[in-house]
Amino acid sequence: MGVSKLYSELLSAPKNEPVFLSERLESDFILKAYPFGLFPWTSSPVAWWCPDPRCVLFPAQVHIQKNMKRSLELYQVRLDHDFMRLMRLCRSQRKVSWIDGEFLRVYGELFERGWAHSLELYDGDELVGGIYGLIIGKVFFGESMVGLKKNASKVALIKLCELLRPHDFLIDCQVYNKHLEFMGAKNIARKDFLELLGQKCSTESGFESFRGLCEDFKKAIF
């Protein structure tokens, strides 16, 4: 199927149900699917979604409460330090999770290939929260977020926005919830989202490595 035809098909796809199913989860297909707004939500079979509207967060619009200032200093931020451990932590904190063995295997492979990334929060040596996803161009496709201690998930999202804001990124939050709205995320029409992806996924990220962003950020503010 050509790009223009696929784009047309997606515009008329179901708004709140899977667009199609596939037998297996494969890293190469994920890299082709994400720039078209598709993401997997189950395996065996794999259900591919492209909801309308789409929940997104522009890093410059993240909401930082006044009482968050202390929490922002509580945890140490590490990037791509222990990706698989964070994935497993995200899975463990949900009664029912789509993060099964197949997701762990495939996203672990994407991490090894340099596409998947994690922002992790530590209290000493204890992993207490974080967020992981894929970076394609200037888009961070958020997959899951977790926090074990006070405000840890909020801190993770705020820190991610601080790091990506200078590079004009878009954060794909996939599906709306009240927590994301409170943090500054909003719903936009699928058509507008796909147009944004077309622009941002075809543009270089603007940094050499995600892991190096912490050092770059410190140099910029001190």
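Here are some notes on this predicted model, for someone opening it up fresh.

1. Start with the main core. The largest nonpolar core has 44 residues, and Ile30, Tyr107 and Leu134 are the ones that touch the most other members. Several elements supply at least two residues each: helices H2 (27-33), H3 (83-92), H4 (101-112) and H7 (190-200), along with strands E3 (46-49), E6 (116-123), E7 (126-136) and E8 (139-147). If you want one element to look at, pick H4, which gives the most to this core, with six residues.

2. Leu134 is a handy place to centre the view. Leaving aside residues up to four places away in sequence, Leu134 touches Ile30, Leu31, Tyr34, Tyr107, Leu110, Trp115, Ala116, Val139, Phe140 and Phe141. Two names on that list, Ile30 and Tyr107, also appear beside Leu134 among the residues that touch the most other core members.

3. There's also a second core, separate from the one above. This one has 33 residues, including Met145, Val155, Ile171 and Met183.

4. Next, the pair of helices H3 and H4. Their axes are 10 Å apart and the packing angle is about 150 degrees. An angle over 145 counts as roughly antiparallel, so that is how H3 runs relative to H4. The crossing of the two helices is right-handed.

5. Which residues of H3 and H4 meet? On the H3 side they are Phe83, Met84, Met87, Arg88 and Arg91. On the H4 side they are Gly101, Phe103, Leu104, Tyr107, Gly108 and Phe111. Tyr107 is worth a second look, as it meets H3 here and is in contact with Leu134 too.

6. On to the cysteines: how many disulfides does a search of the whole structure find? The count is zero. For Cys90, the closest cysteine sulfur is in Cys173, 14 Å away, and that is too far for a bond. Cys161 is in no disulfide either, its nearest cysteine sulfur being that of Cys173 at 8.0 Å. For comparison, a disulfide would need the two sulfur atoms within 2.5 Å.

7. Are Cys90 and Cys161 buried or exposed? Cys90 is buried, with a relative accessibility of 0%. Cys161 is buried as well, and its relative accessible area is 0%.

8. Last, take a look at Lys69, in the loop between strands E4 (54-57) and E5 (76-79). Lys69 is exposed, at 60% relative accessible area. Lys69 and Val155 are 86 residues apart in sequence, yet their C-alpha atoms are 9.5 Å apart in space. Val155 is one of the residues in the second core.

Terms used
Residues are numbered from 1 along each chain as its sequence is written. This is a predicted model: local features need pLDDT of at least 70, side-chain atom pairs count only at pLDDT 80 or more; totals for chains, interfaces and linings use all residues. Side-chain values use heavy atoms; hydrogens and water are left out. Helices (H or I, at least four residues) and strands (E, at least two) are DSSP runs, numbered from the N terminus. Buried means under 20% relative accessible area, exposed over 50%, partly exposed in between (1.4 Å probe, protein chains only). A nonpolar core is a set of buried Ala, Val, Leu, Ile, Met, Phe, Trp, Tyr and Cys residues joined through side-chain atoms within 4.5 Å. Contact means heavy atoms within 4.5 Å. Axes are lines fitted to C-alpha atoms, for helices over the stretch in contact, and angles run from 0 to 180 degrees between N-to-C directions. Angles under 35 degrees count as roughly parallel, over 145 as roughly antiparallel, 65 to 115 as roughly perpendicular and the rest as oblique. A crossing is left-handed if the near helix is turned anticlockwise from the far one by less than a right angle, and right-handed if clockwise.
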